[in-house]
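Colleague: I am new to this structure and should be grateful for a close look at a single part of it. Please begin with one residue and then set it in the context of the whole.

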Amino acid sequence: MKWYTEVSFKVRLKIESVITLSFLYLKQKSRCHMNRAEEDYIKTIYELTIEKKQPLIKANELSERFGYSDQSVNEMIKKLVKKHLVSFVPYKGVSLTSKGKDVAIRMVRAHRIWEVFLTEKLGFSWDEVHEDAEMLEHATSKHVLEKLYHFLGEPKYCQHGNPIPDFKNHMAEVAVQSLDQLKVGETFEVLRVLDFKELLLYLNEQNIKLHDYLNIIEKDEFNGIMTILCNNQRKTMSIKTAKMIFGRIKK
Ligand SMILES: [Zn+2]
């Protein structure tokens with residue numbers, strides 16, 4: 001390479017350092033690179049930490065949320081510990097490291113901002129946005145995301161009632177009271193639902209939306225069924241489903 005030997009030593013040094021730096025960057029990037037399942041875990045650990053208001057999440061709480069076996073959850077935890085995203089306290093559970101928390105906040109912020117865009121501006125319904133928001137969250141620079149956030153009027157919540165962390169990592173309150181814990185006679189405002197397609201389709205079918213009031217008429221713990229009044233209509237719901245709906249008890 002004639003040109004290379006001709007350029008001054010100083011310039012060569014610069015070129016070499018740029019190359020070295022980009023290699024280091026790529027190496028770093030590939031080390032941080034996470035697959036979809038790993039990202040889902042990070043996000044879920046983050047959400048459970050906030051929902052349960054406790055720093056440590058037990059493996060069985062994760063397997064319950066995902067419907068995976070304890071063994072596969074434990075294997076995933078080992079992988080995440082290796083990547084310094086999660087720390088593990090034997091017999092107590094897992095928590096996100098500050099690196100893991102940063103990653104989680106960045107992902108949920110982008111995801112929820114895109115959900116607001118897709119539903120409010122493009123007219124998608126709440127059961128249709130998860131997959132696209134998932135793809136878009138990875139393809140968006142911080143700059144674009146910030147613009148989009150302001151364009152949308154700095155929304156505090158996504159369509160599922162999940163709070164959107166702002167760019168200083170502050171976020172609005174998250175509803176943590178789940179519907180299954182209510183007693184007969186109590187009324188509850190729906191403020192958040194889990195972003196599970198089957199659940200959202202069920203809620204569409206039952207015509208239950210955020211900010212609807214649900215009144216508990218009967219609770220059959222043995223059979224795991226609740227009878228609820230919503231918009232003057234009686235509905236039956238399994239307690240398993242009620243665990244995925246969160247809100248506030250009306251005083
Ligand atoms: Zn959402």
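What is the relative accessible area of Leu 56?

Modeller: Leu 56 has a relative accessible area of 23%, and because of this value it counts as partly exposed. The class lies between buried, which is under 20% relative accessible area, and exposed, which is over 50%, as found with a 1.4 Å probe on protein chains only. The model is a predicted one, in which local features need pLDDT of at least 70 and side-chain atom pairs count only at pLDDT 80 or more, while totals for chains, interfaces and linings use all residues. Residues are numbered from 1 along each chain as its sequence is written, and side-chain values use heavy atoms, with hydrogens and water left out.

Leu 56 belongs to the loop between H3 and H4, where H3 spans residues 36-51 and H4 spans 59-66. Helices (H or I, at least four residues) and strands (E, at least two) are DSSP runs, numbered from the N terminus. Leaving aside residues up to four places away in sequence, Leu 56 touches Glu 61, Val 89, Lys 92, Gly 93, Val 94 and Ser 95; contact means heavy atoms within 4.5 Å. The C-alpha atoms of Leu 56 and Leu 96 are 8.5 Å apart, although 40 residues separate the two along the chain. For the protein, 58% of the contacts between residues at least 6 apart in sequence join residues at least 24 apart.

The wider setting may now be described. The protein has 251 residues, of which buried residues make up 40%, and its secondary structure comprises ten helices and eight strands.

H3, at one end of the loop that holds Leu 56, also contributes to a pocket. The second largest pocket holds about 670 Å³ of space. It is lined by 29 residues, and those closest to its centre are Asp 40, Thr 44, His 130, Asp 195 and Phe 196. With six residues, H3 gives the most to this lining; H4, H6, H7, E4 and H9 are among the elements that each supply at least two. By class, the lining has nine nonpolar, five polar and 15 charged residues. Here Ala, Val, Leu, Ile, Met, Phe, Trp, Tyr, Cys and Pro count as nonpolar, Asp, Glu, Lys and Arg as charged, and the others, Gly among them, as polar.

H3 takes part in the lining of a cavity as well. A search of the whole structure finds one cavity of 30 Å³ or more, and the largest cavity has a volume of about 70 Å³. On a 1 Å grid over the protein atoms alone, a cavity is a set of points where a 1.4 Å probe fits but cannot get out, whereas a pocket is an open set with protein on both sides within 12 Å along at least five of seven lines; lining residues have an atom within 4 Å of a point. Grid points are joined across faces, edges and corners, and a volume is the space filled by probe spheres set on the points. Among the residues that line the largest cavity are Tyr 46, Arg 112, Asn 162 and Arg 192. H3 provides the largest share of that lining, four residues. The lining comprises five nonpolar, one polar and four charged residues.

H7 packs against H3 too. In H7, Ala 133, Glu 134 and Glu 137 are buried. They cover an arc of only 105 degrees around the axis, and therefore lie on the same side of H7; the arc is that of the directions from the helix axis to the C-beta atoms. These buried residues of H7 pack against H3 and H6.

H9, another contributor to the second largest pocket, spans residues 197-206 and buries Leu 199, Leu 200, Leu 203 and Gln 206. Seen down the axis of H9, these residues fall within an arc of 125 degrees, so they line one face of the helix. Glu 198 and Glu 205 are exposed on the other side of H9. The cover over the buried residues of H9 includes strands E4, E7 and E8 and helix H10. Just after H9, Asn 207 takes a positive phi of about 55 degrees.
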